Protein chains: 2
Amino acid sequence: MLKSSRDSAGRTQLAFEDIEDLARGAAFLGAGGGGDPYIGRLMAEHAVREFGMPEIISVDDLDADTNVFPVAMVGAPTVMVEKGVSGADVDLSVNRLAAIIGKKPDAITPIEIGGINSMLPIVAAARLGLPLVDCDGMGRAFPEIQMVTFNVYGVSATPAVIVNEHLDTVIVETCGDAKRAEDLIRVAAIQMGLSVMFSGYPLNGQQVKDYGVKGTLSLALNIGRAIRRGRSEGNPFESLLAYLRSTEYFNRCKVLFDGKVTDVMRETTKGFAMGHCEIRNMDDESDSMHIQFQNENLLAKRNGKTVAVVPDLISIVDGETADPITVEALRYGQRVKVIGTSAAPVMRTAEALAVFGPEQFGLDEKFLPIEELHDDI
Amino acid sequence: MLKSSRDSAGRTQLAFEDIEDLARGAAFLGAGGGGDPYIGRLMAEHAVREFGMPEIISVDDLDADTNVFPVAMVGAPTVMVEKGVSGADVDLSVNRLAAIIGKKPDAITPIEIGGINSMLPIVAAARLGLPLVDCDGMGRAFPEIQMVTFNVYGVSATPAVIVNEHLDTVIVETCGDAKRAEDLIRVAAIQMGLSVMFSGYPLNGQQVKDYGVKGTLSLALNIGRAIRRGRSEGNPFESLLAYLRSTEYFNRCKVLFDGKVTDVMRETTKGFAMGHCEIRNMDDESDSMHIQFQNENLLAKRNGKTVAVVPDLISIVDGETADPITVEALRYGQRVKVIGTSAAPVMRTAEALAVFGPEQFGLDEKFLPIEELHDDI
């Protein structure tokens, strides 16, 4: 039984039973990345059982001077799912950031809504007794630390703190260049075991209002619900697409392909899960889709023609249940559907594309919105 | 003209003219590592001209609770000689360490006496208006951060701060494992350009008294003087060896070889200058010495037989002037002598050898003191 998800003031509140739906929806928004939602769900449920469910607050309710700390796991999802977090690492990353900047956090926010990184902020907020802001810095998941709206619009990524399971801690302070921070944090994270707790981009409430992708916790929860309800009604895809079309950001969407995974090439290298997969049409062997990923799915081509490209979302889901499949869970023989979804408008500006457009991933593609690539969206 | 190097209380004081001798002596103790002493000398002279010569204080004059901050450059000497330091990076590394541990430094100490890292603490002490302790943590140079007496005898290497020329800063906090700190600092230093300012191993006066290699600034100065004076008297080698034999630590020493450099293999890889060189006897082509290095010379073999091994010092010097030659300055055709020197006793204990004995460098050798390898020492 689901409890009501809105309190009397109209704010989204999470119930324990919501975590599973939220994890499923976040895995969809993870677009292949963000790590196994099952692991994330277990971590969140464990923390909530021990410390209670954090209050969810809307961006509109933030004061301009509220101190908001983003938290995330950084590393390769292939490693994250094996290592998890201890809790002490979560606390330490936030507490060291607070000590370094000399400000106590008033609230926690996800930095990306995809996968484990939608769950981890629940862990942090629950453990630290802080509210969680209904927002993130991507409206999806991305592999690198500079690929965040906060950076696009001028917030410094540093000081940033990373902590591993031994509580080894690395604090990075750069002079405003988030890509340099990413490069430093990446080599440190690799050395620290390729799955670390991150707290950085310390924000004030005004910055969250100005640059955050708002309401994404609620959106992820409702995506997860739509899939679950659709299943019980016999068509999770219809239910999912209907919900997406009703949203402010994700309203341009389409099932791009239906088929069987016939090839997966995946390496954990340079600190990421890198590779590609091929999916073939079961009714027409000559019809196939090729998807390239770096933690997240970046580019989908059907028979050589681009059908969706980053920062728009490319999500591979189970062909029966619509359960999202992360890149590390891709296997030969899976029956899947590929769903393309529009990214939030704040993620598609020229400034944003200069940070996480296709060229930033080394792709020889220009960004074209999914609704321009298809006549029927 | 040299000014007196002892004040009325018997303490060593440095004059501006001493810097050149100190740099030469430190290059000898650098055992091939520590970077070009000429560059180090220019940096020290520049800082002393601008800020004045720092007071040199003896370990005996330290109070037990004096806060002593070691400083050094970390990286590959091949890169250090190209990049130098700006000064602001030096200040920032010390000031960030002070802020992190909440203690102001009362004095600066070298962490290694070899090469640039004997000069850099002069820069730091001059700029920050602090005295410089006549001591270090090796009595030589070593390539890695855990290879310090302070670590051998239980002082934490961290918090440690590294800063590059952009003032990008990385702070490492580990739970007492200095090798883990080294691994983290190394990958960060590589990412930051392979030559960074380091401040770590924050010490109190008692720890310096208990674990430091005492008087090594004075020893380096006097080694540099002995070479210079010997030159004007026609035999710098005799003068150098006579002085070394009069010292407390370096009294077992020998010219191990005399010849011409006939091969150098040197790579800047994994964050170090790695490689080996071959030196041939000019009078007997079948007689040769092979020296292996990782920033510093580690192992000298004559015709396949070990004649000196780390932590004892293996210094290659110019065959005419006895000017020390660092590994990055080795060239085909150089006429050189190789001098082996005993390390300080504190560097030869079982605990010390477990940190920087030959096995720690991947060498298939046991440590044998130079005086046991030669009947005539």
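A residue is called buried here if 20 or more other C-beta atoms, placed from the backbone, lie within 10 Å of its own, exposed if 12 or fewer do, and partly exposed in between. The model is predicted, so local features need pLDDT of at least 70 and side-chain atom pairs count only at pLDDT 80 or more, while totals for chains, interfaces and linings use all residues. Residues are numbered from 1 along each chain as its sequence is written, with chains lettered from A and ligands numbered from 1 in the order in which they are written. Helices (H or I, at least four residues) and strands (E, at least two) are DSSP runs, numbered from the N terminus.

A good place to start is strand β7 of chain A. This strand is mostly covered, with 5 of its 5 residues buried. T169(A), I171(A) and E173(A) point one way, V170(A) and V172(A) point the other way, and all are buried. Such a pattern has a familiar background: in a regular strand the side chains alternate between the two faces of the sheet. Strands are taken to pair if DSSP finds at least two bridges between them. Within the chain, β7(A) runs antiparallel to β6(A), joined by 4 bridges, and V170(A) in β7(A) has I162(A) opposite. The two strands form a hairpin with 5 residues between them, and L167(A) in the turn has a positive phi of about 65°.

The strand also reaches across to the other chain. Here 5 bridges join β7(A) to β7(B), again in the antiparallel sense; T169(A) has E173(B) as its bridge partner, and I171(A) stands opposite I171(B). Counting residues as in contact if their C-beta atoms, placed from the backbone, lie within 7 Å, 16 residues of chain A touch 16 residues of chain B. On the chain A side, β7 and α7 (178–191) each supply at least two residues, and α7(A) gives the largest share, 6 residues. By class, this side has 8 nonpolar, 4 polar and 4 charged residues, where Ala, Val, Leu, Ile, Met, Phe, Trp, Tyr, Cys and Pro count as nonpolar, Asp, Glu, Lys and Arg as charged, and the others, Gly among them, as polar.

β7(A) is also among the elements that cover the buried residues of helix α4(A), as are β2, α5, β6 and β8 of chain A. Those buried residues include V90(A), L92(A), L97(A) and I100(A), together with the charged D89(A) and R96(A). Because the expected span is 1.5 Å times one less than the number of residues, the 14 residues of α4(A) should span 20 Å, and the end C-alpha atoms are indeed 20 Å apart. Just after this helix, G102(A) takes a positive phi of about 70°.

Further along chain A, helices α9 and α10 pack at an angle of about 145°, with their axes 7 Å apart; axes are lines fitted to C-alpha atoms, for helices over the stretch in contact, and angles run from 0 to 180 degrees between N-to-C directions. The residues of this contact divide into 7 nonpolar, 3 polar and 4 charged, among them I223(A) and I227(A) in α9(A) and F237(A) and L240(A) in α10(A).

In chain B, 7 strands form an open antiparallel sheet in the order β15-β14-β13-β12-β11-β17-β16. β15(B) and β16(B) stand at the edges with a single partner strand each, so one side of each is left without a neighbour in the sheet.

Conventions: Two residues are in contact if their C-beta atoms, placed from the backbone, lie within 7 Å.
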